[in-house]
Amino acid sequence: MSSAPVLPLNAWLRWDAVARRLGDLPRPATILEVGMGQGAVGARLASLGQFTGIEPDAASRSVAQSRLSDGARVLTSLDELGPDEQFSLVCA
């Protein structure tokens with residue numbers, strides 16, 4: 001994961017909490033991150049499974065999209081999710 005973007009302090013604190021919990025859980029197949037900001041945590045989560053991120057701010061969303069692999073989705077709102085979509089890991 002050496003190519004992942006540097007984590008700002010608030011993202012580092014969030015990633016630290018999430019990473020510790022991930023050790024106790026099976027590897028997630030589908031991941032939803034709500035409020036992904038510029039995607040520093042999302043880039044790490046996307047390496048674990050099929051990733052969807054929600055970020056309403058256009059500037060942050062653009063940076064986040066550039067940090068993720070082609071298979072990841074970055075949406076503006078929860079309203080863009082399908083009614084039957086389910087996720088094995090949700091971070092907010």
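**Notes on a predicted model: salt bridges, strands and helix α3**

1. In this structure, the side chains of E85 and R73 come together in a salt bridge, with a distance of 2.5 Å from N to O. This pair links distant parts of the chain, since E85 sits in the loop between β3 (73-75) and β4 (89-91) while R73 belongs to strand β3, and the two are 12 residues apart. E85 counts as partly exposed because its relative accessibility is 32%, and R73 is also placed in the partly exposed class because its value is 30%. Please keep in mind throughout that the model is predicted.

2. How many salt bridges does the structure hold? There are three of them, and the general idea behind such pairs is that side chains of opposite charge can pair when their charged atoms come close. One of the three joins E33 to R14 through their side chains, at 2.6 Å from N to O. Here too the pair links distant parts of the chain, with E33 in strand β1 (residues 30-34), R14 in helix α1, and their positions 19 residues apart in the numbering. E33 counts as buried because its relative accessibility is 1%, which is under the 20% cut-off, whereas R14 is partly exposed, with a relative accessible area of 26%.

3. Another salt bridge is formed by the side chains of R20 and D16, at 3.0 Å from N to O. Both residues lie in helix α1, four residues apart, or about one turn of the helix. A general point helps in reading this spacing: an α-helix has 3.6 residues a turn, so residues three or four places apart point the same way. R20 counts as exposed because its relative accessibility of 56% is over the 50% cut-off, while D16, at 29%, counts as partly exposed.

4. Helix α1, which covers residues 9-22, also contains W12. The relative accessibility of W12 is 44%, and for this reason W12 counts as partly exposed. Together with L9 and L13, W12 makes a nonpolar surface patch of about 350 Å².

5. Strands β1 and β2 are best read as a pair, and they run parallel, joined by five bridges. Which residue of β2 is the bridge partner of T30? The partner is Q50, and elsewhere in the pairing V34 stands opposite I54 in β2. Strand β1 is mostly covered, with four of its five residues buried. Strand β2 (residues 50-54) also has four of its five residues buried, and it is therefore largely enclosed by the rest of the structure.

6. Helix α3 spans residues 58-67, and within this helix S60, R61 and A64 are buried. Why can these buried residues be said to line one face of the helix? Seen down the axis of α3, they fall within an arc of 100°, so they share one face. On the other side of α3, A59 and S66 are exposed. The element against which the buried residues of α3 pack is β3, the strand that also holds R73 of the salt bridge described at the start.

7. S60 deserves a separate comment as one of the buried residues of helix α3. S60 counts as buried because its relative accessibility is 14%, under the 20% cut-off. Leaving aside residues up to four places away in sequence, S60 touches G37, Q38 and E55.

8. The last point concerns P56, which is found in the loop between β2 and α3. Is P56 buried or exposed? P56 counts as exposed because its relative accessibility is 55%, over the 50% cut-off. Even so, P56 touches R61 and T76, not counting residues up to four places away in sequence, and R61 is itself among the buried residues of α3. P56 and G37 are 19 residues apart in sequence, and their C-alpha atoms are 8.6 Å apart in space; G37 is also one of the residues that S60 touches.

Notes
Residues numbered from 1 in each chain as written. Predicted model: local features only at pLDDT ≥ 70, side-chain atom pairs only at ≥ 80, totals over all residues. Heavy atoms only, no water. Patch = residues over 30% accessible without salt bridge, like charges linked within 9 Å, V, L, I, M, F, W, Y side chains within 5 Å. Areas by Shrake-Rupley, 256 points an atom, 1.4 Å probe, with all protein chains shown as cover. Salt bridge = Lys/Arg side-chain N within 4 Å of Asp/Glu carboxyl O. Buried < 20%, exposed > 50% of the residue type's maximum accessible area, 1.4 Å probe, protein only. Arc of directions from axis to C-beta. Contact = heavy atoms within 4.5 Å. Pairing = 2+ DSSP bridges.
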